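I wanted to go through the backbone of this one and note whatever looked out of the ordinary. Strand pairing was next on my list.

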Amino acid sequence: MVLLHWLGLIAGAMLGLIVSVLAAGALVTLIVTLRVGTKFPPLGPSVEVAGGRLATIQAGPNPSSRGTIVLLHGASANAADPMEGVGRRLAESGFRVIAFDRPGYGWSDRLGDRDMASPAAQGHAIAQAIEGIGTGRVILMGHSWAGALATAIALDHPEVVSGLVLVAPVAMPFPAMAPLPWYYRLALKPPVAWLLSRTVTTPLGLYYLERAGRAAFRPQELPGDYLDRSRSALVLRPATMLANLEDLIGLPAALAAQAPRYGTIAVPTVIVSGDADAAVPATRHAEPLARTIPGARLVLLPGIGHMVPYMATDALVDAIERLAAEIGATETEPVAP
């Protein structure tokens, strides 16, 4: 009886500690969410699509004689990331530039539950938004995770795409992985994931935000103003943290499904990657992808890591302008009798 009494006291103390930690985490999460939303409000118009709205940041002339470029961001990011990296430069060059918050990121609605985690589902929403804006066919630039998204749009909605720019793209299937440990599988169950996203993930994300930025930029240094310019803290809000997790978990299966179709992509494509990218190695993704997409051109940048839009802006702008010129020349060629 004494042993049972002490075991009960220990269990009660542990339960109380867990509840206290979760309560403290929930309070921190609420404070961070409110502050982040106030500091980084929407910067552009939203577009109505099925199930909600997609937020944008826009720059450059409208209309533009040089055409429209749509920027799609990677994991843990938002529309400001590619816009501040390369989008402003493209706008100065005369392009109309539209950067989307992917579903569930920035100020975009998730538009659904876990079904929206796949590049194909997000691509359908982005394509619908492009048609709603009325730009005509656009050049799509997808960075990192959005390499899978941009290729999905080119596969499923070629009518909205005039060209592809895939930057440090995640696109090729991953090697087979061992099953996740039971505690990870438990944490990914929807009720548990919902609870964790509203209690502990935001404080942990806040602690690691700058470290994650430094890791993404290696071997280059993290620019001192990057976190503010890219509005990185928007990912710390609970719903976005959960969406980001779902997108990352669902990506391997999505890539395995869409990769066999890459040979059918028919739009002009340029792939730009750094040969020092440890996050998404070019040897695993950019190089085999360039061999798979018919006519794709590979630009491999010596010594550059994952954050090409910031660390090799000139080279990326040159690649995009060259692609746009090629597309323009093709579209203005006279039709043979």
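My notes follow, backbone first and strands after.

**Entry 1: peptide bonds.** This is a predicted model, so I keep in mind that the local features I list come with a pLDDT of at least 70. I started from the general rule that most peptide bonds are trans. Then I looked for cis ones. I noted one from Asn62 to Pro63, with omega near 5°. I checked where Pro63 sits: the loop that links β2 (52-59) to β3 (68-72). I noted another cis bond from Arg218 to Pro219, where omega is near 10°. Pro219 is in a loop as well, this time between α7 (201-217) and α8 (226-229).

**Entry 2: positive phi.** Most residues other than glycine have a negative phi. With that in mind I pulled up Ala168, which is not a glycine and yet has a phi near 45°. I traced Ala168 to the loop between β6 (161-167) and α5 (182-187). Is Ala168 buried or exposed? Its relative accessible area is 0%, and the cut-off for buried is under 20%, so Ala168 counts as buried.

I did the same for Arg231. Its phi is positive, about 55°, and Arg231 is no glycine either. I found Arg231 in the loop between α8 and α9 (238-258). Its relative accessibility is 7%, so I put Arg231 down as buried too.

**Entry 3: the surroundings of β2.** Next I went back to β2 and asked how many of its residues are buried. I got six of the eight, so the rest of the structure largely encloses β2.

**Entry 4: partners of β2.** Which way does β1 run against β2? I get antiparallel, with four bridges between β2 and β1, which spans residues 46-49. For a concrete pair I picked Ser46, which stands opposite Ala55 of β2. The two strands make a hairpin, with two residues between them. In that turn I spotted Gly51, with a positive phi of about 95°. Gly51 is a glycine, so I don't file it with Ala168 and Arg231, whose positive phi values occur in residues other than glycine.

I then looked at β4 (residues 96-100). Strands β2 and β4 are also antiparallel, and four bridges join them. Here I wrote down Ile57, whose bridge partner in β4 is Ala99.

**Entry 5: for my own recall.** β2 pairs with β1 and with β4, and the loop after β2 holds the cis bond at Pro63.

Definitions and conventions
Residues numbered from 1 in each chain as written. Predicted model: local features only at pLDDT ≥ 70, side-chain atom pairs only at ≥ 80, totals over all residues. Heavy atoms only, no water. Buried < 20%, exposed > 50% of the residue type's maximum accessible area, 1.4 Å probe, protein only. Pairing = 2+ DSSP bridges.
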